[in-house]
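Colleague: Could you walk me through a few of the labels people put on a structure like this? I'd like to hear what sits behind each word.

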Amino acid sequence: MKPTLFLLAAGMGSRYGGLKQLDGLGPNGETIMDYSIYDAINAGFGKLVFVIRKDFEKDFRDKIISKYEGHIPCELVFQSINDLPEGFTCPADRTKPWGTNHAVMMGADVIKEPFAVINCDDFYGRDSFQVMGKFLSALPEGSKNVYSMVGFRVGNTLSESGTVSRGICSTDSNHLLTSVVERTKIQRIDGKVKYIDDNGEWVATPDTTPVSMNFWGFTPDYFPYSEEFFKSFLSDPKNMENLKSEFFIPLMVDKLINDGTATVEVLDTTSKWFGVTYPEDRQSVVDKIQALVDAGEYPAKLF
């Protein structure tokens, strides 16, 4: 059974000010998402599922889905702040979505096979889809509790325009994830990758240190775990009172690892991650994509 690619696109409108501004960065106006989908198809993924806001549906079908439909089956699911388990009501003043893992939960009815989750606005690179596709395709049928994450080498994920936030991963001798610590200020200083630790000191870390860029591999048993844990999350008064609290994927993964319920294998990749963290990054992303096209990594026109 071919794995599915689940694309987190629900935040698109807020981040880009509407679909019209889904930025064309490739030589023929391709978006970053176009490259992810092209790489996923070539890595053996068999279906795309997009999670979006319901009010974008028409625009999204016309401008986005129509592009891919001849190449791979596509489905849409919707994230709404009112989509909560029975017995819970969204606070009246809340406008912020409930976070990445709530978005993932929206796929429960349409995903019955191993699946990968990505951000739609991050450039992950061909090799990362190959390693994830290989991992998911090799899982025995009915597999449970055996998950994965693409661990990008931190040196391949930096911005030339300033510091970045990354989840720095620790692994055991079997490459299984033991923890992810969010570091909010990472950059290259005097040739070395450094981050600010809890004491405000700059600490060097090897270029090859794995970081999480929100590229996860799960099996469908992840949905019921998320449903249960989301209830606990909502039952905590501080999460209900804080109108910006979010149910993130690492929160769920961390719980499953610490409980001993699941393992998460960290998959090494040579891919260089990039994205538009700062407005000044845009030209550099355009140049990097053009260089990949010039090198023959991608055709000039994808779809």
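Colleague: What makes Lys63 and Asp59 a salt bridge?

Modeller: The term asks for a side-chain nitrogen of Lys or Arg within 4 Å of a carboxyl oxygen of Asp or Glu. Here the side chains of Lys63 and Asp59 meet at 3.0 Å or less in plain terms: the N to O value is 2.6 Å, so the pair fits the definition. Both belong to helix α3, four residues apart, so about one helical turn separates them. A helix here is a DSSP run of H or I with at least four residues, and helices are numbered from the N terminus. Scrap my "3.0 Å or less" there, which was a slip: the value for Lys63 and Asp59 is simply 2.6 Å, N to O.

Colleague: Why are Lys63 and Asp59 called partly exposed?

Modeller: Buried means under 20% relative accessible area, exposed means over 50%, and partly exposed is in between (1.4 Å probe, protein chains only). Lys63 comes out at 41% and Asp59 at 26%, so each gets the middle label.

Colleague: And how do you know that Glu57 is buried?

Modeller: Its relative accessible area is 19%, so Glu57 counts as buried. Glu57 also forms a salt bridge with Lys54, with the closest N and O atoms 2.6 Å apart.

Colleague: How far can I trust all this?

Modeller: This is a predicted model, where local features need pLDDT of at least 70 and side-chain atom pairs count only at pLDDT 80 or more, while totals for chains, interfaces and linings use all residues. Residues are numbered from 1 along each chain as its sequence is written, and side-chain values use heavy atoms, with hydrogens and water left out.

Colleague: Which parts does the salt bridge of Lys67 and Asp34 tie together?

Modeller: First, the pair itself: the side chains meet at 3.0 Å, N to O. Lys67 lies in helix α3 (residues 57-68) and Asp34 in helix α2 (residues 32-42), so the bridge links parts 33 residues apart in sequence. Lys67 is partly exposed at 30%, whereas Asp34 is buried at 2%.

Colleague: How many salt bridges turn up in the whole structure?

Modeller: A search finds 17.

Colleague: What makes the space lined by Trp273 and Phe274, among others, a cavity?

Modeller: On a 1 Å grid over the protein atoms alone, a cavity is a set of points where a 1.4 Å probe fits but cannot get out, and lining residues have an atom within 4 Å of a point. The structure holds one cavity of 30 Å³ or more, and the largest has a volume of about 90 Å³, so that one passes the size cut. Grid points are joined across faces, edges and corners, and the volume is the space filled by probe spheres set on the points. Its lining includes Leu158, Ser159, Trp273, Phe274 and Lys288.

Conventions. On a 1 Å grid over the protein atoms alone, a cavity is a set of points where a 1.4 Å probe fits but cannot get out, and a pocket is an open set with protein on both sides within 12 Å along at least five of seven lines; lining residues have an atom within 4 Å of a point. Helices (H or I, at least four residues) and strands (E, at least two) are DSSP runs, numbered from the N terminus.
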